[in-house]
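Me: Could you take a close look at one part of this model for me? I'd like a connected walk through a single region rather than a tour of everything.

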Amino acid sequence: MVLSILSPVACEKYPVRPASMTYDDIPHLSAKIKPKQQKVELEMAIDTLNPNYCRSKGEQIALNVDGACADESSTYSSKLMDKQTFCSSQSTSNTARYAAALYRQGELHLTPLHGILQLRPSFSYLDKADAKHREREAANEGDSSQDEAEEDVKQITVRFSRPESEQARQRRVQSYEFLQKKHAEEPWVHLHYYGLRDSRSEHERQYLLCQGSSGVENTELVKSPSEYLMMLMPPSPEEEKDKPVAPSNVLSMAQLRTLPLADQIKILMKNVKVMPFANLMSLLGPSIDSVAVLRGIQKVAMLVQGNWVVKSDILYPKDSSSPHSGVPAEVLCRGRDFVMWKFTQSRWVVRKEVAAVTKLCTEDVKDFLEHMAVVRINKGWEFILPYDGEFIKKHPDVVQRQHMLWSGIQAKLEKVYNLVKETLPKKPDGQSGPAGLVSGDQRVQVARSKAQQNHALLERELQRRKEQVRASTVLPGVRIKEEPVSEEGEEEEEQEAEDEEPMDTSLGGGLHSRLANGLPGGRAAGGDSFNGHPPPGCAGTPVARELRAFVEATFQRQFVLTLSELKRLFNLHLASLPPGHTLFSGISDRMLQDTVLAAGCKQILVPFPPQTAASPDEQKVFALWESGDMSDQHRQVLLEIFSKNYRVRRNMIQSRLTQECGEDLSKQEVDKVLKDCCVSYGGMWYLKGTVQS
């Protein structure tokens with residue numbers, strides 16, 4: 001649900017100009033809601049110490065509303081207009097067209113909205129002031145005519161109401177007065193407000209980001225520009241009735257010939273995918289110059305065995321992806337180019353060989369082959385058209401140019417797929433003729449031998465990369481825990497790992513699982529880990545410095561945090577870091593707590609009640625003892641109070657602060673200290689993170 005607040009304008013209703021109405025750092029805010037009516041009411045404090053605040057105007061408004069004597073029912077107990085109420089109203093009834101958008105790292109995340117409320121200032125206090133004014137006028141008039149009113153005697157007529165009929169009852173239920181009374185009877189539900197920089201607000205904002213890491217789930221969003229425009233502006237029913245029913249991929253020749261020659265060639269090649277040059281000329285018409293067609297076909301197609309095959313980037317535009325696996329268009333184009341290049345070397349291609357080299361899924365490879373080949377039992381995939389030797393002899397300049405293009409593509413494929421040049425088939429000289437046919441058994445034997453060779457090469461390459469990764473990721477003084485090779489030692493290794501496992505810093509599921517610090521409850525309380533945790537005395541390592549910087553920055557914003565909340569914020573911090581960052585090496589609970597204490601924080605031993613449902617991590621409370629501002633002494637007194645009390649009333653806190661600090665603190669100073677360290681619930685004050693609702 002989206003709430004929009006309209007800033008008030010300067011007028012007689014406000015004692016403050018708009019410059020002082022800020023909603024980022026609100027010293028006090030209370031909220032309540034009526035769920036059935038979707039009605040929200042916010043009460044915000046006004047900064048009366050702001051230089052833009054007109055104190056005389058605020059006192060005059062409070063006097064008009066509450067009168068000279070203030071009591072418990074007074075709207076402004078401080079005899080000063082120090083708060084403003086905002087009431088919600090439905091901004092629009094149809095929210096299906098609206099969404100909240102968040103743009104981050106080149107991605108647009110959309111969240112559908114189910115309701116939009118607009119908050120407007122409430123002037124109910126003016127109605128109260130008018131009622132007070134009318135009461136005073138009535139009292140003055142009543143005093144002057146009291147003697148005359150006592151002598152007047154009026155006759156009173158008494159009537160008895162008849163039983164209410166069913167129709168009258170239905171009219172009464174549907175009346176405006178009855179609905180207003182029913183709405184007024186619905187009780188308000190009080191809410192707890194979390195500020196913009198609160199950790200819970202940051203956690204809720206994470207839900208505006210899509211959690212999927214691949215494009216598989218978003219394949220329905222991959223539309224062409226024409227399809228997207230059709231979705232935005234669908235044709236009217238009358239237009240659809242007038243159009244003849246035809247397949248979506250069919251374009252009449254009359255419509256095709258109205259387009260430029262380059263567009264005609266592109267559309268034909270995109271639909272047919274493989275075509276001899278003679279067939280293309282017959283479709284374009286006898287009046288078209290063959291030289292212009294040759295110039296245009298080379299922009300959208302490549303020559304394979306004397307026939308033209310549409311280029312991969314025409315079928316897979318830059319911003320598209322695979323409907324099967326979700327891989328980007330660049331990977332698809334590279335894999336399809338490999339298939340096309342294989343057909344320039346031979347009439348036959350084996351699907352498993354293509355899948356082994358390109359590392360693409362079976363559906364994507366099958367799509368590539370179906371574009372330009374037909375399957376033959378026990379042989380593989382054969383190129384769909386016969387070899388066009390006539391075109392090769394007639395246009396040697398085009399063949400030579402295409403041969404140079406294929407040489408560049410082959411060099412690129414050799415570099416990307418790590419192809420060994422000795423195992424590559426020799427290129428035919430200018431595609432001089434079709435390759436000889438090979439039996440199915442021979443193809444199987446050749447494929448088997450190539451697979452064995454490729455397997456040995458891949459094994460060596462994998463081992464080499466593992467050694468490089470191990471050498472680049474090991475930090476000085478870090479012991480790497482080796483996984484057991486045989487099954488016999490697995491149980492012993494798992495038993496040892498229970499005491500040495502570091503805090504889980506993985507991104508997948510770290511924010512939504514019920515694990516404590518990334519581990520099950522029984523294992524999270526184990527001892528220190530040396531797997532990514534530097535031994536004592538290595539505080540100057542990059543990991544320790546990064547962790548110290550995170551802890552100091554976090555406590556400068558929050559002041560009070562439980563260990564559970566600190567670990568949740570640390571996981572959020574890891575989610576924003578690039579892959580390969582030093583903090584991903586593993587941080588244990590003990591190392592995190594030691595860093596907190598070394599950063600100038602202290603652990604507050606809050607006396608939780610015996611029946612508390614808080615976990616051990618939630619009972620460990622840390623607070624920043626000195627931040628360098630004027631409120632350090634006040635916060636220290638407050639933390640000492642909570643080291644002996646689980647929950648405290650406000651008057652006790654204020655009296656203790658006055659006693660310890662030796663000065664009469666203002667309401668704003670007490671509010672600031674409470675806002676930094678505490679939360680209010682049920683009329684009592686708790687340290688942040690310790691309240692159990």
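Reply: Sure, let's start at R347, keeping in mind that this is a predicted model. R347 sits in the loop that links α14 to β12 (348-349). Despite being in a loop, R347 counts as buried, because its relative accessibility is 10% and the cut-off for buried is under 20%. Its side chain has a polar atom 2.7 Å from the backbone oxygen of L385.

Now step back into the helix before that loop. Helix α14 covers residues 329-345, and its eight residues are the biggest contribution to the largest nonpolar core. That core has 53 residues in total. F343 is among those with the most contacts inside it, along with M269, I297, W308, F338, M372 and F383. Leaving aside residues up to four places away in sequence, F343 touches V304, Q305, W348, V349, L369, M372, A373, W381, E382 and F383. There's also a second, separate core of 52 residues, which includes A544, V606, V673 and L674.

On the other side of the loop comes the sheet. It is open and has three strands, ordered β12-β14-β13, with antiparallel pairing. β12 and β13 (373-376) are the edge strands with a single partner each, so one side of each has no neighbour in the sheet. Strand β14 (residues 380-383) pairs with β13 in the antiparallel sense over four bridges. Within that pairing, V375 stands opposite W381 in β14, and W381 is also one of the residues that F343 touches.

Terms used
Residues numbered from 1 in each chain as written. Predicted model: local features only at pLDDT ≥ 70, side-chain atom pairs only at ≥ 80, totals over all residues. Heavy atoms only, no water. Core = buried A, V, L, I, M, F, W, Y, C linked by side-chain atoms within 4.5 Å. Buried < 20%, exposed > 50% of the residue type's maximum accessible area, 1.4 Å probe, protein only. Helix = DSSP H or I, 4+ residues; strand = E, 2+ residues; numbered from the N terminus. Contact = heavy atoms within 4.5 Å. Polar contact = N/O pair within 3.5 Å; in protein donor to acceptor, adjacent residues only side chain to side chain. Pairing = 2+ DSSP bridges.
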